[in-house]
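Colleague: Before we discuss this model, may I ask you to place it before us? I should then like to put several questions to you.

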Amino acid sequence: MNEDFFHKPKGYFKQTPNLPDYETTYKNFSWEKAKEDELTWFEDGKINAAYNAIDRHLTTFRKNKIALYWEGDNNETEKYTFEEVSYLSNQYGNYFKSLGVDRSDRVFIFLPRIPPLYFSFLGILKIGAIAGTLFSAFQEQALFDRLENSSAKVLITNTELSQRVEKIRHKLPHLKHIIIVDEPEFSQNITKQSKDIHIARMDPDDYAFMLYTSGTTGKPKGVVHRHLAILSEHMTAKYVLDLHDEDTYWCTADPGWVTGIAYEILGSWSNGVTSLVFSGRFAAEKWYQLLQKYKISVWYTAPTAVRMLMAQGETLVKKHDLSSLRHLLSVGEPLNPEAIRWGLKAFGLPFHDTWWQTETGAISIANYPCMDVKIGSMGKPTPGVEAAIIDEEGNELPVGKEGNLALRKGWPSMMKTIWHRHVKYDSYFVKEWYISGDRAWKDKDGYFWFVGRADDVIKTSGERVGPFEVESALVEHPSVVEAGVIGKPDQLRGEIIKAFVVLKSGVKPTDELKEELSLFVKKHLAGHAYPREIEFIDKLPKTRSGKIMRRILKAKELGLPIGDTSTLEEF
Ligand code: PRX
């Protein structure tokens, strides 16, 4: 087994880690104590996650500290103190209220990473409504599925993105308001609002935000998190991201995904850190410029981004002064050892892998600043989280044995429900365990190692895509009878989406048609969820009950043994 360690040399630490001794803290950790010590509560055990992220800092030295540095696509910059973020989000909240938004109403945000996204999110939580985020690459179909399932009452977007919603609006009777943040009227409405707000006193279990995420079958599911989730997010931002008051922190994720919510809004700000948000596209040189310009010290990114930087070489890195960096982390897909080794060469620092999911709401397994990095492993469970490898019946498997990666129920950011799918929610649990859907194993020292997904979920550039959504989009095309979609391993993107397509009789299987189909999915479903590869096929492998056997498509694609085909229809 791989026992390749990066030992942190003497002088490695520019800061004493917030978690100096993992084993002792892990052993003695108590959520009850953390609740008291780390969060700010209203009377009668009430709480608000947005208040904990922002407003509680206003009575401290952080009041005039920069909370948000923002840089746009065209080098535009803005900056906001904690006090300004507080006031603006209050005004947003008051405005939503004036439109009739009540507690528990769903308010969705469909915006690129611009400041109004962050003020909206906080404003929604402050009035006790439920915030939903939509990745800006989504197109009509993805938008419709999410807005319809959640019965969203309000959508916050901009002029450009609103076009996509206009086409489906007539099918969304619950959607009462579409707010366009780049219209002058919007700014006028915001300025009119009071900077004071009565922050909704919530029960810890009350819903705060929701995110749609893909499984293997059916449409995406609305994973709902409660206000108390911020406790897990706060503790992991403190222990794993190791955020200190002196830091400037950059998380490259988009709040359309869970990382951008947990570690660009809630957990990071609740630690009072100054954050950078960059709304532009990936470009290696630009990223290095940002690291240098903002003197970023803690940087949380994704393996695909690291591989993309790696592809551009080290020389480019060396042209920049990145001496402010002290802690690098990644999430979302396997962090390959080469990426860690390259990080060491390029930045003199290892990337620390972290593992978690939309459903877990916060980092669940991680490599810690205070520990040497066992290269290739995801690390050890975060304090307050118990991880195990279990079999189908919920029995723990011994060290070294591959099985289902599971977490013991009950940490604060464990998803609270699946929106309107209680039975589905229950199906995630076996005995006292939450089943992640990932396969992994644990070594003798308690480190966890990722093996793969137990299901057909695709991870492309770290983004989670359900094959069913892509298949459904493809069959909307007039030339297509049916389609089977898999993740095909890819050096750069981890996986790319590959579609096997059965055409209607008489339709010519041309390269032009392949391109047309890719574009069709890109335009109807989402800009990031389209098949980069298409293969025409006469027939899809199916079970006798008609389910597409993606496992077989994948095995054939990879030249692997096909395995048990006893339930197959003839193929
Ligand atoms: O398969 C695992 C993979 O990403 C899945 C969760 O995706 P999502 O809900 O989009 O959340 C991503 C960011 C929190 C997991 O089931 N994954 C996440 N982190 C890692 C990973 N796979 C390997 N190594 C990781 N560190």
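The exchange below concerns a helix, a sheet and the aromatic residues of this predicted model.

Colleague: Is helix α12 largely enclosed or exposed?

Modeller: Helix α12 spans residues 303-311, and seven of its nine residues are buried. The buried residues are P303, T304, A305, V306, R307, M308 and L309. With seven of nine residues buried, α12 is therefore largely enclosed by the rest of the structure.

Colleague: What covers the buried residues of α12?

Modeller: The cover includes the helices α11 (284-293) and α14 (337-347). It also includes strands, among them β12 (298-301), β13 (327-331), β14 (351-355) and β27 (494-503).

Colleague: Which residue with a positive phi follows α12?

Modeller: The helix α12 ends at residue 311. The residue with positive phi that follows α12 has a value near 85°, and this residue is G313.

Colleague: In the open sheet that contains β27, which are the edge strands?

Modeller: The sheet has three strands in the order β26-β27-β28, with mixed pairing. An edge strand here pairs on one side only, and this holds for β26 (480-490) and β28 (533-536). From one strand to the next the twist averages 25°. The edge strands are thus β26 and β28.

Colleague: In what sense do β26 and β27 pair, and over how many bridges?

Modeller: In general, strands of a sheet pair through backbone hydrogen bonds, either parallel or antiparallel. Within this pair, K488 stands opposite I496 in β27. The sense is antiparallel, and the count of bridges is 10.

Colleague: Which helix packs on this sheet, and what angle does its direction make with that of β28?

Modeller: The helix is α17, residues 511-524, which touches β26, β27 and β28. Its direction and that of β28 make an angle of about 125°.

Colleague: Of the aromatic pairs, what is the geometry of F29 and W31?

Modeller: The search of the whole structure finds 37 aromatic pairs. F29, at 18% relative accessibility, counts as buried, and W31 does so at 17%. The ring centres of F29 and W31 lie 4.8 Å apart with the planes at 85°, so the pair is edge-to-face.

Colleague: Which residue lies over the face of F138?

Modeller: F138 forms an edge-to-face pair with F135, at 6.3 Å centre to centre and 90° between the planes. Both F135 and F138 are buried. At 4.3 Å from the ring centre of F138, the residue over its face is R146.

Terms used
Residues numbered from 1 in each chain as written. Predicted model: local features only at pLDDT ≥ 70, side-chain atom pairs only at ≥ 80, totals over all residues. Heavy atoms only, no water. Buried < 20%, exposed > 50% of the residue type's maximum accessible area, 1.4 Å probe, protein only. Helix = DSSP H or I, 4+ residues; strand = E, 2+ residues; numbered from the N terminus. Contact = heavy atoms within 4.5 Å. Pairing = 2+ DSSP bridges. Axes fitted to C-alpha atoms, helices over the stretch in contact; angles between N-to-C directions. Phe/Tyr/Trp six-rings, centres within 6.5 Å; stacked < 30°, edge-to-face > 60°. Lys NZ or Arg CZ within 6 Å of the ring centre and 35° of its normal.
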